[in-house]
Amino acid sequence: MRSLVPCLATGRCLMLLALAAGSAFAQAQAQTSGPFLISDAEWREERATPAPPSPRFSPSPGAPRLELLQPRPGPELLPSPIDIQLRWNAEGEARIEPQSLRIRYGWMGLDITQRVLAQAEVTSEGLRIRKAALPSGEHKLSVEIADSMQRVGRRQFEVKVQAAP
C-alpha cells in the first residue's frame, strides 16, 4: 500500500487502488466466519492506511434527510452486536427510492451495502439492522439514499464498539 501513496497524490492510480481494495475485501470476506458487517481484517487495514483529505459533500437543496435513531450519538463504548436504525424523509412531492441505498465503510469507502441488505429491513421510511456484528474499535459509516428527483442525502456516523467477551 505504501507504494500507492505517491501515486494517489497525483490521482493516477485509482484503478490500482480499486483492485487492491477488491483483493483485500475478497481476502477479508474469506476470513469472515459469521454475519459481520466489517471483518476484523478490513477494520485493521482501514486503521493502518492513512486517510487522504476528505472531499466536502454538499447535498442538493431538498435532498432527503437522514436521521440516526440508534445507536444514540455519543462517546460511549457500545457492546457488539449493536442495533442500527436510520430514518429518512423526502422533501415535498418526492419519494425515497430504497433501491438507491448505498452504505460505505471508513475513509476508503468500502461498499458494504449488500452485507447490510442481507441483514437489514429497508423501507421507504428507513433502515433497521438488529444485532450488527462489528469488531472492537471505532467504525465510520456513510449512508446515502436518493429520492425520486435524483437528489442524494448522506449521513455519516461513527460508533465505538467493544466486542462481547
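In β7, Val122 has Leu127 as its bridge partner. Val122 belongs to strand β6 (residues 120-122), which runs antiparallel to β7 and is joined to it by three bridges. Strands here are DSSP runs of E with at least two residues, helices are H or I runs of at least four, and both are numbered from the N terminus. Two strands count as paired if DSSP finds at least two bridges between them. A hairpin of three residues links β6 to β7.

β7 has another antiparallel neighbour in β3, and on that side Gln85 sits opposite Arg128. Here are the two pairings:

| Pair | Bridges | Direction |
|---|---|---|
| β3 (residues 82-89) and β7 (residues 126-132) | five | antiparallel |
| β6 (residues 120-122) and β7 | three | antiparallel |

Now for a word on trust. This is a predicted model, where local features need pLDDT of at least 70 and side-chain atom pairs count only at pLDDT 80 or more, while totals for chains, interfaces and linings use all residues. Residues are numbered from 1 along each chain as its sequence is written, and side-chain values use heavy atoms, with hydrogens and water left out.

The pLDDT (the predictor's confidence in each residue, from 0 to 100) averages 77 for the protein, and 70% of the residues score at least 70. Among the elements, strand β4 (residues 96-105) has the highest mean, 95, and helix α2 (residues 14-31) the lowest, 38. Over residues 1-34 the pLDDT is below 50, though the stretch still has 21 contacts in the model beyond near neighbours in sequence; a contact means heavy atoms within 4.5 Å. Where pLDDT is low, don't read the predicted coordinates in detail.

Overall, the protein has four helices and nine strands, and 35% of its 165 residues are buried (under 20% relative accessible area, with a 1.4 Å probe and protein chains only).

What about the inside? The largest nonpolar core (buried Ala, Val, Leu, Ile, Met, Phe, Trp, Tyr and Cys residues joined through side-chain atoms within 4.5 Å) has 27 residues, and Ile84, Trp88 and Leu127 have the most contacts inside it. The elements giving two or more residues to this core are β1 (65-70), β3, β4, β7, β8 (137-147) and β9 (152-163). Leaving aside residues up to four places away in sequence, Ile84 touches nine residues' worth of company, including Leu37, Leu127 and Phe157. Among contacts in the protein with a separation of 6 or more, 67% link residues 24 or more positions apart.

Definitions and conventions:
Buried means under 20% relative accessible area, exposed over 50%, partly exposed in between (1.4 Å probe, protein chains only).
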